[in-house]
Amino acid sequence: MSYYNEEFETLPRQALEALQLKRLQTTVARVYASVPFYRQSFDRAGITPDSVKSLTDLQRLPFTLKQDMRDSYPYGLFAAPMEEIVRIHASSGTTGKPTVVGYTRKDIDTWSELMARSFAAAGVHRGDIIHNSYGYGLFTGGLGAHYGAEKLGASVIPMSGGNTKKQIMIMKDFGSTVLTCTPSYSLFMAEAAREEGIDFQGLKLRVGIFGAEPWSEAMRGEIEEKLNLCAIDIYGLSEIMGPGVAIECREAKKGLHIWEDHFIPEIIDPDTGEILPEGERGELVITTITKEGIPLIRYRTRDITSLTYEPCVCGRSHARLTRMTGRSDDMLIVRGVNVFPSQIESILMGIEGVEPHYVLIVDRKENLDSLEVQVEVDERLFSDEVKVLQSLSHRIEKEIKDILGVSCRVRLVEPQTITRSEGKAKRVIDNRINS
């Protein structure tokens, strides 16, 4: 087994929960004393730091929402003075003001360690050459992976996103063994390499660590085949830390270990806020218990997953999150049916001749919702007879209807038609928002 910090990664459950409680109590006292938002929020709920006597008392604390972070823009939720903040990151803010996060020196050290742990869990080690294609800048992905790679002792190539032809040349010439980027961008790379006459089979890549967007098990198979590597799912979000909050271990590739000595996860019903039992799918809520710059209490991530405490073959004692199916705010409701893009992706990826590039277009005509699925097919199939394409369209429509219970129109398009992304892929165009 490959551990970075074996003592903490394999901490027995009883010791782990004792550590969580101690750190939770310290964090609650800290935010109550230094963050007016939390003091007011706790006071309204009739809570004081002394109220937290066990881990179950966490459920008594109010949630923190992304809107609370926006309302506190830019530094209102910081629990450390600015002279102690050494790094500031922010989300893209595509739907309003960005959410701003600050890191103390200790926060950066913690983040680096957790990313080093994550790399080790994925089978990465000293001597590896990590080709880091996550974006550098306000987005947390690039620098998070970068610092973790250096902490592990691996070599890191700080490529960032874009300039795909150069990325492929560098991977080939520099002998990169590990690739980090979004899953959709990895497939774009495979496509670009094929156009350049470069076969990934000839590269030295052996591990790919992909995150920042939901992806399906079927897409994992596609990536592993086209890039000739072991594809590992990683999870993180800027508000909590950045990448490295949770990751799959290479041994099992069955759920993402969340580093519970730094984060306490809960799964709630997104509509009622009630805690759901182990194994039941709902919205992930995370409480940070070591963050100094901007600790968050019961932050509603909007990510949909479930939690298991079953022992893992890798020996790590930390709970595992199942693969994210999407976000509660990304869920489409089409004629009363709940649909996640990743569910449609899973169906598409199981059909021969269909490429892993698609977009869902939702519209409203005469007060009725309509869903169109545009998906690329391979060159050979697209040049086939019209009746073959029609037959394939009907088959996909039927499978989506049978499995998800929603009617749709499938439009097959030729290769390279759907816009590629060097970051998070845009999977949904919802025209109802402006209608």
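Which residue of β12 does G282 stand opposite? The legends below concern a predicted model, and the first of them gives the answer.

**View 1. The open sheet of four strands, with β11 and its partners.** In this predicted model, four strands are arranged as an open sheet in the order β10-β11-β12-β15, and their pairing is antiparallel. The edges are taken by β10 (263-268) and β15 (326-327), each of which has a single partner strand, so one side of each is left without a neighbour in the sheet. Between β10 and β11 there are six bridges in the antiparallel sense, with F263 standing opposite T288 in β11. On to β12, strand β11 pairs over four bridges, again antiparallel, and here G282 stands opposite T305 in β12. Strand β11 (residues 282-288) has seven of its seven residues buried, so it is largely enclosed by the rest of the structure.

**View 2. The contact between β12 and the edge strand β15.** Strand β12 (residues 299-305) is joined to β15 by two bridges, and these two strands run antiparallel. Within this contact, D303 has R327 of β15 as its bridge partner.

**View 3. The open sheet of nine strands and its β4 edge.** A sheet of nine strands, also open, follows the order β4-β3-β5-β6-β7-β8-β9-β14-β13, with mixed pairing. Its edges are β4 (155-158) and β13 (307-308); each has a single partner strand, so one side of each is left without a neighbour in the sheet. At the β4 edge, four bridges connect this strand to β3 (residues 129-132), the two running parallel, and N132 finds its bridge partner in P158 of β4.

**View 4. The stacked rings of Y103 and W111, and the charge of K291.** Seven aromatic pairs are found in a search of the whole structure. In the pair formed by Y103 and W111, the ring centres are 4.9 Å apart and the planes lie at 10 degrees, so the pair is stacked. Both partners are shielded in the model, since Y103 counts as buried at 1% relative accessibility and W111 is buried with a relative accessible area of 2%. The ring of Y103 also has the charged end of K291 over it, 5.5 Å from the ring centre.

**View 5. Further aromatic contacts.** The rings of Y185 and F188 have centres 6.0 Å apart and planes at 50 degrees, so this pair is tilted. These two residues are three apart in helix α8 (residues 183-195), and they are therefore separated by about one helical turn; both Y185 and F188 are buried. Elsewhere, Y32, F37, Y38 and F42 are linked into a cluster by ring pairs, while the charged end of R87 sits over the ring of Y147 at 4.8 Å from its centre.

**View 6. A nonpolar surface patch that includes Y75.** Y75, M82 and I88 make a nonpolar patch of about 250 Å² on the surface. Of these residues, Y75 is placed in the loop between α4 (66-71) and β1 (85-90), and with a relative accessible area of 39% it is partly exposed.

**View 7. The mostly covered helix α10.** Of the nine residues in helix α10 (residues 341-349), seven are buried, and the helix is accordingly mostly covered. The buried residues are P341, S342, I344, E345, I347, L348 and M349.

Key. Residues are numbered from 1 along each chain as its sequence is written. This is a predicted model: local features need pLDDT of at least 70, side-chain atom pairs count only at pLDDT 80 or more; totals for chains, interfaces and linings use all residues. Side-chain values use heavy atoms; hydrogens and water are left out. Patches are made of residues with over 30% relative accessible area and no salt bridge: like charges are joined within 9 Å, nonpolar side chains (Val, Leu, Ile, Met, Phe, Trp, Tyr) within 5 Å. Accessible areas come from the Shrake-Rupley method with a 1.4 Å probe; for residues, only the protein chains shown count as cover. A salt bridge is a side-chain nitrogen of Lys or Arg within 4 Å of a carboxyl oxygen of Asp or Glu. Buried means under 20% relative accessible area, exposed over 50%, partly exposed in between (1.4 Å probe, protein chains only). Rings of Phe, Tyr and Trp (its six-membered ring) pair if their centres lie within 6.5 Å; planes under 30 degrees apart count as stacked, over 60 as edge-to-face and the rest as tilted. A charge sits over a ring if NZ of Lys or CZ of Arg is within 6 Å of the ring centre and within 35 degrees of the ring normal. Two strands pair if DSSP finds at least two bridges between them.
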